[in-house]
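Here is a short briefing on one protein chain. Keep the sequence and the structure in view as you read.

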Amino acid sequence: MKNVRMLLFLMILASICTILLGSANFAFEKASDVFSRRLYKTILEKFEIPAREREIEEKFAESFDIKKVGHTTYYISKNKDKGAVVFTAEGPGLWSTIEVLIGVYPDLEQMLWLKVLAQAETPGLGGRIAEEEFQARFNDINIRPELKIV
């Protein structure tokens, strides 16, 4: 009788754990899909490619190739600014991690644009990095350093 109770307890516990893990995985997949759609929408907007909400994934697939190298995913434009590369990067801010989306011309020597995706800096100070006016400073700037021999 003691063994039957223990077996029953273990079966119930295993069932509960399976349900919880399955639910967590489902929630993670849904959140991942939402994040991907927002990222795709932002990239399409930066390339001025119109897409209705229900067309985002289709338009993105038509317009970009996705390449994963290590832990970084690169989005390569097929049409507008053909060969332009887009990727996310993150680094430390004063109060939080700052995540940006960077677009680079095909020659990899000039930045197309920069878009701040996430930040939690002080409003009015470091938080100004999220303003379009600040981000516009990075449009079409050279990113290859100039070497001068003196």
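The points below go from the whole chain to its sheet and then to one loop residue.

This is a predicted model. The protein chain has three helices and six strands. Its radius of gyration is 23 Å, whereas a compact globule of 150 residues would have one near 15 Å.

**Overall build**

- Start at the N terminus and read the elements in order: α-α-β-β-β-β-β-α-β.
- Two helices therefore open the series, and a strand closes it; helices and strands are numbered from the N terminus.
- Along the principal axes, the C-alpha atoms fill a box of roughly 90 × 40 × 35 Å.
- Take the contacts between residues at least 6 apart in sequence: 33% of them join residues at least 24 apart.

**Surface and charge**

- How much of the protein chain counts as buried? The share is 23% of the 150 residues.
- The accessible surface of the protein chain is about 11,200 Å².
- Carbon and sulfur atoms hold 60% of that surface.
- The protein chain carries 20 positive and 21 negative charges.
- The mean positions of these two sets of charges lie 6 Å apart.

**The sheet**

- Six strands form an open sheet, and their pairing is antiparallel.
- Across the sheet, the order is β1-β2-β3-β4-β5-β6.
- Which strands stand at the edges? They are β1 (64-69) and β6 (141-142).
- Each of these edge strands has a single partner strand, so one side of each has no neighbour in the sheet.
- Inside the order, β3 covers residues 85-92 and β4 covers residues 97-104.
- Strands β3 and β4 pair in the antiparallel sense over eight bridges.
- Glu90 faces a residue of β4: Glu99 stands opposite.

**A loop residue: Thr122**

- Where is Thr122 found? Thr122 sits in the loop between β5 (110-118) and α3 (132-135).
- Is Thr122 buried, exposed or partly exposed? Its relative accessible area is 28%.
- Buried means under 20% and exposed means over 50%, so Thr122 counts as partly exposed.
- Leaving out residues up to four places away in sequence, Thr122 touches Trp95 and Gly127.
- Thr122 and Leu94 are 28 residues apart along the chain. Their C-alpha atoms are separated by 8.7 Å.

Definitions and conventions:
Residues are numbered from 1 along each chain as its sequence is written. This is a predicted model: local features need pLDDT of at least 70, side-chain atom pairs count only at pLDDT 80 or more; totals for chains, interfaces and linings use all residues. Side-chain values use heavy atoms; hydrogens and water are left out. Helices (H or I, at least four residues) and strands (E, at least two) are DSSP runs, numbered from the N terminus. The radius of gyration is taken over C-alpha atoms; the globule rule is 2.2 Å times the number of residues to the power 0.38. Buried means under 20% relative accessible area, exposed over 50%, partly exposed in between (1.4 Å probe, protein chains only). Contact means heavy atoms within 4.5 Å. Accessible areas come from the Shrake-Rupley method with a 1.4 Å probe; for residues, only the protein chains shown count as cover. Lys and Arg count as positive and Asp and Glu as negative; His and the chain ends are not counted. The place of a charge is taken as NZ of Lys, CZ of Arg, CG of Asp or CD of Glu. Two strands pair if DSSP finds at least two bridges between them.
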